[in-house]
Structures are given as structure tokens and as C-alpha cells.
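Grab a coffee and open the viewer: here is a short set of exercises to work through at your own pace. Try each task before reading its solution.

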Amino acid sequence: MSTLQDGTSKSIDEVKAILVLASYLHDVGNSIHREYHEMVGSLLAKDIVDRILQQIFPKIGGRRYMLRQEILSAIFSTEYDVRALTMEASIVKLADGLDMSEGRARLPYKMGKIDMHSLSALNIKHVEISPAEDVPILVSVYMDDLAGFFQVERVLMPKIESTKLKGLVRINIYNARGELVASIKTG
């Protein structure tokens, strides 16, 4: 992990805190507005992160602020056009990109949002992540219709390309019959 290597975090528990808090809070900016929600979210999360870090790491002193900055950076890095600077931010960005299955589009679709994003997401049935032989991360995407490929091409792949995980991820796409229809190695 980048923060262990750089000395920002001193333990796996601190790395886990960065990952968990950034993952849970990465969309908090949506409470204000969809546009720029990553930037707004990193600002909104600051006080929340300070309170939580004080509770879980009361004896680390000023290093708590270094951990906070890693968390806020990971939240900000979920934006498509922002390069993730650490492995931790890269993992959070990948996780955000994996949130593309039908559940996320159900309510917007019912409320009348009919566009390629909602229609393609409705066709993604589920996403799995596992190790592979040729890369550390295998993402398996199961879809009812290949319209779901739009989510892979326009949501997931751009996120991976702006991370330190580029070249370490393979994406396998399966049709409604469970047949492999495409295998894409990033990078």
C-alpha cells in the first residue's frame, strides 16, 4: 500500500481505516449536488473523518491529519478526470466504478430517467471481483443484454485507467446465458 510505503500510515489497521472511510464517504457530496460531488464530498467529509479518526486512533497525535488527507484525497480521486495518487485511492476508485449493477438505476428509471446510463445499468445483473492467473484483479460482469457494455466502457474502464491499478485488472463480460463474450485487460 502506498501509505505504508510512504510512512503516512504505520499499520494495516490504518490502511484499512483509509479504505473504509473513503469508501463509505465517497458519495457524501451528492447530498449537495451531483456535479462536482467528489470535490464537495472531500470537503464535507473532513469533520466526519476527524471525529472518527480521533475515536479509533486516539494516540497517534498529528499523524491523524495525514491519514485524514489520504482519505479526502481518495474521495476526491473518484472523479473520472482525477488521477488517483495512491494505491488506496486507486482501490476506492475501482470500487466506485464497480457499482454499476441494475440496483443503482432502478429508482432513476422509475422516475423517468431514460438514457444510456440507466438503460445500460439495468442490464448489469451482478459484478464479481476475484484474483486471476494473469492479473491480480479479475472483474466479472454479468449482463442480460450487451447494452450493459456501456457501463464497462464508459464508467469502469476510464476509472481504472486513471489509477495505479492500470494493467493489473482484467474485465470478463458474460451474457445472460453465462457465456464469456469479452475479456479485456486494462492498461
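The exercises below deal with a predicted model, and each one comes with a worked solution.

**Exercise 1. Describe how H2 and helix H5 pack, and find the residues that make the contact.**

Step 1. Start with the general idea: a pair of packed helices is described by the angle between their axes and the distance between the axes.

Step 2. Put in the values. The axes of H2 and H5 (residues 87–98) are 10 Å apart, and the helices pack at an angle of about 35°.

Step 3. Add the handedness: the crossing of H2 past H5 is right-handed. On the H2 side the contact is made by Val 15, Ile 18, Leu 19, Ala 22 and Ser 23, and on the H5 side by Glu 88, Ile 91 and Val 92.

**Exercise 2. Decide whether Tyr 24 is buried or exposed.**

Step 1. Locate the residue: Tyr 24 sits in helix H2, which covers residues 12–25.

Step 2. Apply the cut-off. Exposed means over 50% relative accessible area, and Tyr 24 has 71%, so Tyr 24 counts as exposed.

**Exercise 3. Work out which parts of the chain the salt bridge between Arg 63 and Glu 14 ties together.**

Step 1. Check the distance. A salt bridge needs nitrogen and oxygen within 4 Å, and the side chains of Arg 63 and Glu 14 meet at 2.6 Å, N to O.

Step 2. Place the partners. Arg 63 belongs to helix H4 and Glu 14 to helix H2, so the bridge ties together parts 49 residues apart in sequence.

Step 3. Look at the surroundings: both Arg 63 and Glu 14 are buried.

**Exercise 4. Compare the accessibility of Asp 50 and Lys 46, which form a salt bridge.**

Step 1. Find the pair in helix H3 (residues 37–56): because Asp 50 and Lys 46 are four residues apart there, about one helical turn separates them. Their closest N and O atoms are 3.5 Å apart.

Step 2. Read the accessibilities. Asp 50, at 18%, counts as buried, whereas Lys 46, at 33%, is partly exposed.

**Exercise 5. Name the residues of the nonpolar surface patch that includes Phe 76.**

Step 1. Begin with Phe 76, which lies in helix H4 (residues 63–76). Its relative accessibility is 31%, so Phe 76 counts as partly exposed.

Step 2. Add the partners: Tyr 36, Met 39 and Leu 43 form the patch with Phe 76, and together the four have about 450 Å² of accessible area.

Technical notes. Residues are numbered from 1 along each chain as its sequence is written. This is a predicted model: local features need pLDDT of at least 70, side-chain atom pairs count only at pLDDT 80 or more; totals for chains, interfaces and linings use all residues. Side-chain values use heavy atoms; hydrogens and water are left out. Helices (H or I, at least four residues) and strands (E, at least two) are DSSP runs, numbered from the N terminus. Buried means under 20% relative accessible area, exposed over 50%, partly exposed in between (1.4 Å probe, protein chains only). Patches are made of residues with over 30% relative accessible area and no salt bridge: like charges are joined within 9 Å, nonpolar side chains (Val, Leu, Ile, Met, Phe, Trp, Tyr) within 5 Å. Accessible areas come from the Shrake-Rupley method with a 1.4 Å probe; for residues, only the protein chains shown count as cover. Axes are lines fitted to C-alpha atoms, for helices over the stretch in contact, and angles run from 0 to 180 degrees between N-to-C directions. A crossing is left-handed if the near helix is turned anticlockwise from the far one by less than a right angle, and right-handed if clockwise. Contact means heavy atoms within 4.5 Å.
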